[in-house]
Amino acid sequence: MVKKVFKYKHGQLNTPLFFPDATKAVVRSVDSQDVLNTKTPGILVNTLHLYLDLGKRVLKKFGGIGPLMGWPGALISDSGGFQVMSLAKKGSGKVTDTGVSFHLNKKRKVLLTPEKSIDYQLMLKTDLLVVLDDFTPPGASYEEAKITVERTVAWAKRSKAEFDKQLKGKKDKPYLIGVVQGGYFPDLRQDCSQRLSDIGFDGYGYGGWPLTQDNQFDYESAQIIADNTPKGSWLYGLGIGKPDEVANLCRMGYQIFDCVLPTRDARHGRLYISADNAKGYEYYTPDKEKHYYEDIPVDPECDCLLCKNYSRAYLRHLFKIEDLTAVRLATIHNLRFYARLMEKLQVEYLK
Ligand SMILES: [Zn+2]
């Protein structure tokens, strides 16, 4: 039996679900009400960024990141594993079995451990926590990938122990997700999936770089994770992805996704619109001259603030004069595009 309902503090949601990234407790260029109005049911915040930028005191006062943001929907916090890879492995820090250390600036050295990550995520009071993992970087050799798997499994054990210790005897615990690493090496992905399953999590994340050596989406690794984790657990595509990738993974049993794409693309003037092609969408960019005078919505099928009220010509004008409203409207549109995509997939999923 596959889980279909995601429980959170204020209710429950049908799956599959897409969580756009509110990395530093804001979806850039829009506020929580804007996000709610796109019928986006949940958002993701980043543990490492908030640990560094926000700290604990304000979270204690507000009782979590949701109340601080005025966000009543579902919330996920990620582990910081990806940021750790970017920061530490690019020379500004060090990954050891203890955790990850790096210099934020000349005065401040930071050590993030699996236990600290869980502790901080519990203070964020998110509905789903992700354990700290050691990200297998793209291009890693077999030996390098194996080291990240060993460390990921060891950290997962410590994370689970900390989670159990802090929430002992408590009801309504948040979900805890283990992250599968191992790059594009099938036996490493299988081994990591099985060992994390032995520890026992509410779900399992497709971690690391989801592309093959030929730069194609790596569905094989996704399938190995689905095949080697207990049925009925969550399957989470971390940082995934494009609409067609999300749809394909849903059909493989994945139910949870987060990604920066819809909001990042919006900031760069790249909007997703419905299309009658195999992928079901195409990109619309307001900078093409043929759109300068068009008195039609960006996507006639969309019911967002932008498409219901403004023309392509006006959006193009706003981008041209670099007014912040252009990015806000484009972000709202892309969030609504993903929310509509998930609404369609939920109907497909429930059949
Ligand atoms: Zn729209």
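A residue is called buried when its relative accessible area is under 20%, exposed when over 50%, and partly exposed in between. The exercises below concern a predicted model.

**Exercise 1. Helix α14**

Determine how many of the 27 residues of α14 are buried, and compare the span of this helix with its expected span.

*Solution.* Step one applies the definition above to each residue of α14: 19 of the 27 are buried, so the helix is largely enclosed by the rest of the structure. Step two concerns length. At 1.5 Å a residue, α14 should span 39 Å. Its end C-alpha atoms are 39 Å apart, in agreement with that value.

**Exercise 2. Helix α7**

State the extent of helix α7 and list its buried residues.

*Solution.* Helix α7 covers residues 142–166, 25 residues in total. From first C-alpha to last it reaches 36 Å, close to the expected 36 Å. Its buried residues are A145, T148, V149, R151, T152, V153, W155, A156, S159, K160, E162 and F163. To read such a list, recall that an α-helix has 3.6 residues a turn, so residues three or four places apart point the same way.

**Exercise 3. The packing of α13 and α14**

Describe how α13 packs with α14, and classify the residues at their contact.

*Solution.* Two packed helices are described by the angle between their axes and the distance between the axes. For α13 (residues 312–320) and α14 (residues 324–350), the angle is about 130° and the axes lie 7 Å apart. An angle between 115 and 145 degrees counts as oblique; α13 and α14 are therefore oblique to each other. Their crossing is left-handed. On the side of α13, the contact involves L315, L318 and F319; on the side of α14, these meet T325, A326, V327, L329 and A330. The residues of this contact comprise 7 nonpolar, 1 polar and no charged.

**Exercise 4. The packing of α8 and α9**

Carry out the corresponding analysis for α8 and α9.

*Solution.* Helix α8 (residues 186–199) packs with helix α9 (residues 219–227) at about 30°, and 9 Å separates their axes. Angles under 35 degrees count as roughly parallel, and α8 and α9 are therefore roughly parallel to each other. The crossing is right-handed. P186, R189, Q190 and S193 of α8 make the contact with E220, S221, I224 and I225 of α9. By type, the residues of this contact divide into 3 nonpolar, 3 polar and 2 charged.

**Exercise 5. The surroundings of T47**

Is T47 buried or exposed, and with which residues is T47 in contact, leaving aside its neighbours within four places in sequence?

*Solution.* T47 belongs to helix α2, which comprises residues 47–53. Its relative accessible area is 0%, so T47 is buried. Once neighbours within four places in sequence are set aside, its contacts are S77, D78, S79, S117, Y120, Q121 and L124.

**Exercise 6. Backbone geometry in the loops**

Identify two cis peptide bonds and two positive phi values, and locate each.

*Solution.* Most residues other than glycine have a negative phi, and most peptide bonds are trans. The cis bonds come first. One joins T15 and P16, with omega about 5°; P16 lies in the loop between β2 (11–14) and β3 (17–20). Another joins I240 and G241, where omega is about 0°. G241 is found in the loop between β12 (234–237) and α10 (243–251).

The positive phi values follow. A25, although not a glycine, has a phi of about 70°, and S29, likewise a residue other than glycine, has a phi near 80°. A25 is in the loop between β3 and α1 (32–37), and S29 is also placed in the loop between β3 and α1. Their accessibilities are then classified: A25, at 17%, counts as buried, while S29, at 36%, counts as partly exposed.

**Exercise 7. Two asparagines in loops**

Classify N215 and N105 by accessibility, and give a C-alpha separation for each.

*Solution.* N215 lies in the loop between β11 (203–206) and α9. At 56% relative accessibility, N215 counts as exposed. Its C-alpha atom is 40 Å from that of P67, a residue 148 places away along the chain. N105 lies in the loop between β7 (100–103) and β8 (109–112). At 41% relative accessibility, N105 counts as partly exposed. N105 and S92 are 13 residues apart in sequence, with 9.9 Å between their C-alpha atoms.

Conventions:
Residues numbered from 1 in each chain as written. Predicted model: local features only at pLDDT ≥ 70, side-chain atom pairs only at ≥ 80, totals over all residues. Heavy atoms only, no water. Helix = DSSP H or I, 4+ residues; strand = E, 2+ residues; numbered from the N terminus. Expected span 1.5 Å × (residues − 1). Buried < 20%, exposed > 50% of the residue type's maximum accessible area, 1.4 Å probe, protein only. Axes fitted to C-alpha atoms, helices over the stretch in contact; angles between N-to-C directions. Parallel < 35°, antiparallel > 145°, perpendicular 65-115°, else oblique. Left-handed = near helix turned anticlockwise from the far one by under 90°. Contact = heavy atoms within 4.5 Å. Nonpolar A, V, L, I, M, F, W, Y, C, P; charged D, E, K, R; others polar.
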